[in-house]
Amino acid sequence: MAMPPMGWTTMLWSLLVLWAVACGEKSSDLDSCSPHPSCNECIQSHPNCAWCKQLDFVHWGESDAGRCASRLELESRGCRPSEIMDPRGQQRVLENRPLSNSTQQQTVTQLAPQKIALQLRPGEEQSFTVNFKRAEGYPVDLYYLMDLSYSMKDDLENIKKLGSDLLTALRNITTSAKIGFGSFIDKTVLPYVSTAPSKWQNPCPHVKENCQSPFSYQHVLALTDNASEFESRVSQQRISGNLDDAEGGFDAIMQAAICKEQIGWRDVTKLLVFTSDGAFHMAGDGKLGGAYMPNDGHCHLDANGLYTKNHLYDYPSVGHLAEVLSESNIQPIFAVTGSRLPMYEELSRLIPKSVVGELKEDSSNIVQLIVDAYNSLSSTVNLEHTSDLPPGVTIAYDSHCGDSETYGRTEGGECFGVHINQLVQFTVRIKASTCLPGPQEIVLRVLGVSEELKVLLETACECQCGDTQLYADHCSGGRGNLTCGVCSCQDGHVGRLCECNQEELVDPEAMCRDVNDTGPLCSGKGQCVCGKCQCHAATSGPLCKCDNTACERHNGQLCGGNGQCRCGNCECDGNYTGSACDCSLDTSGCLWDGTVCSGHGHCVCNRCQCDTGWFDSHCSRCANCQTPCEEHRVCAECKAFGTRLLSGDCSSTCNQTVIVLVTSTVNEKWCQAKAEDGSLFGFFIEKDGAGKVTLLVNNKSETTKKTFQVALSLVLGFVILGLGIIVGYRLVVDAYDRREFNRFEKECQSAKWNEMNNPLFRSATTTVMNPRYNN
C-alpha cells in the first residue's frame with residue numbers, strides 16, 4: 001500500500017527514529033539480551049535476543065544459556081546464520097477491497113484494508129497503513145428526537161411543516177436518506193411530573209389548552225423516505241408538560257440507540273438530532289423518584305412505542321450513553337437554545353463524534369443547523385479501536401491528513417476538514433509486551449461509518465526448531481531428546497549432553513571447588529554437573545573464576561568499546577592502550593599549526609600535557625607571555641603616530657612594516673589599543689611565509705572624547721530635567737494651595753451669621769421682662 005508523500009515533518013520524524021535506533025542498537029543488543037536456558041525463554045525476553053541451535057556452538061564447561069545472545073554476537077562467536085532462531089513479526093493482508101469514489105457502485109468501500117493478520121514478537125512493533133476516502137452520496141439515516149415539554153410549543157408548530165424541507169436538504173447531500181421521529185418529556189413519577197388526576201390529563205398551565213398526558217419517551221415514526229408520512233405523524237403530536245426545568249432526554253437517547261429494529265437503523269451514516277430548550281437529568285437523579293436501579297441499556301418499548309420501564313430504571317450516565325452511542329455508531333447533533341449552549345458543549349466533549357448547534361427559539365433554523373452539523377461531522381475522520389485492548393498490547397496512531405500530520409496518539413487517529421474523494425492515511429503501530437494466551441482480535445473503525453477493519457493478533461513466542469529428535473545420538477548416544485540444540489535427559493542421567501549417570505557419581509561437588517574451599521560451587525557463577533562446572537554466560541575456566549564482564553569501563557562501556565574483555569583484563573584494539581582501552585595512540589588532536597602541542601608539551605592519549613607555565617588545549621599560551629596584540633601594540637603606535645616610549649628609536653627597535661589606513665571594516669580579528677593621548681586605534685597583524693610582519697593601523701578615533709561628551713551631556717540633561725520637574729511641581733502645588741486658601745476664606749465669610757447679610761439671623765441674647773420689676 002502506497003504511503004503519502006513525505007513532508008518535512010515526516011522526514012524529520014523518520015530521521016529521529018533512525019537516530020534513536022542507531023544510537024540504541026549497540027547498547028540494546030549487548031545489555032538487554034541476557035542469557036536464558038531455553039530458546040523460548042530467550043526470544044521472549046527481548047526482541048534483540050536470538051538463539052543458536054548449532055550443536056557444536058557450546059563447548060565443554062559452558063552452559064547452554066550462552067546460546068542466547070544478539071544475532072550479531074552469535075555470528076561473531078561462530079554460529080552459522082542458518083542455525084540462528086530469531087523469529088520476526090509478520091503481517092498478511094487477508095481482505096483489501098478497493099476504495100470507492102461514489103455510492104453508484106454496488107458495494108461502497110471507504111475503508112481499506114478490511115482484514116489483516118499480524119504476528120508480533122514480544123517487544124517488537126509492527127505497523128501497517130489504513131486508507132480512508134469519503135465517498136460521495138453515502139446514505140444517511142436521521143432520527144429527530146424532540147422535547148415536547150410546554151416551553152417547546154412554538155417549536156412543534158414549525159417542525160410539523162419541515163418534513164419535506166428536511167428530506168430535500170438531506171437528498172442534496174446523499175442519494176439515499178431516511179428520517180424518523182420520536183419525542184420525550186420526563187419520568188412519569190413525582191417529582192418530575194404531577195400525578196394529580198387533573199394535571200395528569202392536562203399538564204399544561206392553561207386549562208383550555210389541548211395537551212397530552214406526560215410520558216418519558218415515545219417512538220413515533222420509524223425511519224422512512226416518505227416526507228408526507230413524516231409530516232402527517234408529526235402533525236398529530238401534542239405538547240405536554242412537566243414540573244422541573246430538566247428533561248428526561250438521556251432516557252430517550254438510550255432507547256433510540258438500543259431499539260435498532262423499532263427505529264429501523266441501517267448500516268449507514270446514523271444521525272440523531274436532539275432538540276431541547278431545557279437541561280437534562282443524569283444518573284442518580286432518578287433515585288429521587290424511586291428509580292434506584294441503574295439503567296440496564298436494554299430496549300423497553302411497547303407496541304405503541306412508549307418506554308414502559310422509565311419508573312424502574314435510573315437515567316443513564318454520560319459515560320454509559322457515550323459508550324452505547326459509540327457502539328451503535330450513532331452521531332448525535334444537539335440542537336439547543338442559546339441559554340443551554342454552554343451546558344451541551346461540555347456534554348459534547350464527553351461524547352465521541354458529537355456536535356452542538358444553536359437553535360432559534362422557534363426552531364426555524366433547524367434544517368440549516370442539521371446540514372451544517374452533518375458537514376462538520378462528515379469532514380472529521382476519527383479512526384479508533386472499538387474495545388479494550390488485550391493485556392500487554394499497546395497501539396498508537398500516526399495521521400497523514402494531506403496538509404497536516406500528527407504522531408503517536410494512543411486514543412486514535414484524527415483528520416479535520418476532509419473533502420469528498422480525498423484520501424487520508426493512518427499508520428497504525430501495534431506492540432505486544434508479553435505473549436498472548438491465544439489469537440486475539442482488534443476492530444478498528446472510522447466513527448460514523450459502518451465499515452470495520454479486523455486485526456487478527458498472534459504472538460511469536462515459540463522457536464520453530466523442527467521436530468524434537470527422540471533419543472538423539474548427540475545426547476551421549478541416545479540418553480536424551482534433542483530440541484533446539486539442547487538435550488533433555490532421561491531419568492537417571494544429567495549433564496549438558498546427558499553424559500553422567502547419577503548413581504555412579506561419588507561426591508561430585510568436591511570437584512567444583514578449590515581444595516579446602518567452603519564457598520559456593522563454581523565460584524557462584526555456574527552449575528556443578530557431573531563433577532564439572534558449567535559456567536554461566538560471560539564466565540569461563542575450570543571453576544568459572546574467569547569473568548568476561550569484570551573489566552574496567554570507560555564512558556559506560558566495557559574496555560571503552562575499544563577492545564574485548566578477557567578474564568577481567570582488556571585486550572585493546574590496535575590503536576588504543578590503557579587498562580580500560582581509553583587511551584588513543586592517535587596524535588591528530590594534539591597538532592597545532594603542524595606542531596605537536598605547539599612545541600611546549602607532549603601528546604598523551606591524543607591530548608596535550610603542557611610544560612610548566614604553558615596552558616590551553618594545545619599549550620599555546622603561558623601565564624607570563626604577551627599576546628600578539630600586546631607584543632606589537634607599542635610598535636604600531638610608535639610607527640604610525642610617533643608616540644609612546646619608543647618614539648625616539650622607532651626605526652631601529654621595530655622592524656615591522658606599518659601601513660596607516662582609514663577603514664570601517666574593523667572586526668574582532670583586529671587588535672584594539674589605547675594611544676598615549678587616550679584615543680583608541682586598531683591594528684591588524686599580517687605574517688607572510690618568510691615571517692615578515694606587516695601591521696595595518698587604523699586612524700585614531702575620538703571615541704573616548706566623544707564618549708565623555710555624550711556621557712556629560714546625558715548627566716547634565718538629566719539634572720536639568722530633574723530640576724525642571726521639581727520647580728514645576730512646586731509651582732503647581734503652590735498655585736493649588738493658594739486657590740484652596742482663598743476658597744476657604746470665602747466660605748468663612750459666607751458662614752458668618754449676622755443681621756446684615758442673613759435674614760434668618762436671630763440674636764443669641766433674649767430679653768425677658770420681669771413683672772415685679774419697678775423702675
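This section describes the fold, strand pairing, salt bridges and one surface patch of a predicted model.

The chain contains 15 helices and 44 strands. Of its 775 residues, 41% count as buried. Among contacts between residues at least 6 apart in sequence, 61% join residues at least 24 apart. The exposed area of the chain is about 42,400 Å², of which carbon and sulfur atoms supply 52%.

One open sheet consists of four strands in the order β41-β44-β43-β42, and its pairing is mixed. Its edges are formed by β41 (657-661) and β42 (671-674), each of which pairs on one side only. On average, neighbouring strands of this sheet are turned by 30° against each other, direction ignored. Strand β42 and strand β43 (residues 680-687) run antiparallel and are joined by four bridges. Within this pair, K674 has L680 of β43 as its bridge partner. Helix α13 (residues 628-641) lies across β41, β42, β43 and β44 (693-698), and runs at about 110° to β43.

Two hairpins were examined individually. In one of them, strand β15 (residues 393-400) pairs with strand β16 (residues 405-409) in the antiparallel sense over three bridges. The bridge partner of H400 is E405 in β16. Four residues stand between the strands of this hairpin, and G402 takes a positive phi near 95°. In the other hairpin, strand β31 (residues 563-566) and strand β32 (residues 569-572) are antiparallel and pair over four bridges. Two residues separate β31 from β32, and C567 in the turn has a positive phi of about 55°. Residue E571 of β32 is the bridge partner of Q564. The side chain of E571 also takes part in a salt bridge with R566, in which the closest N and O atoms are 3.9 Å apart. Both members of this salt bridge are partly exposed: R566 has a relative accessible area of 41%, and E571 has one of 46%.

A search of the whole structure finds 22 salt bridges. One of them links E125 to R429, with the closest N and O atoms 3.3 Å apart. E125 lies in strand β7 (residues 125-133) and R429 in strand β18 (residues 423-432), so this salt bridge ties together parts that are 304 residues apart in sequence. E125 is partly exposed at 39% relative accessibility, whereas R429 counts as buried at 17%. A further salt bridge joins the side chains of D245 and R340, with an N to O distance of 2.4 Å. D245 is in the loop between α7 (227-235) and α8 (249-258), and R340 is in the loop between β12 (330-336) and α11 (341-350); the pair therefore ties together parts that are 95 residues apart in sequence. D245 is partly exposed, with a relative accessible area of 47%, while R340 is buried, with a relative accessible area of 17%.

On the surface, V710, L714, F718, L721 and I725 make a nonpolar patch of about 540 Å². Residue F718 of this patch is placed in helix α15 (residues 703-750). F718 has a relative accessible area of 59% and is therefore exposed, the cut-off for this class being over 50%.

Methods
Residues numbered from 1 in each chain as written. Predicted model: local features only at pLDDT ≥ 70, side-chain atom pairs only at ≥ 80, totals over all residues. Heavy atoms only, no water. Patch = residues over 30% accessible without salt bridge, like charges linked within 9 Å, V, L, I, M, F, W, Y side chains within 5 Å. Areas by Shrake-Rupley, 256 points an atom, 1.4 Å probe, with all protein chains shown as cover. Salt bridge = Lys/Arg side-chain N within 4 Å of Asp/Glu carboxyl O. Buried < 20%, exposed > 50% of the residue type's maximum accessible area, 1.4 Å probe, protein only. Pairing = 2+ DSSP bridges. Axes fitted to C-alpha atoms, helices over the stretch in contact; angles between N-to-C directions. Contact = heavy atoms within 4.5 Å.
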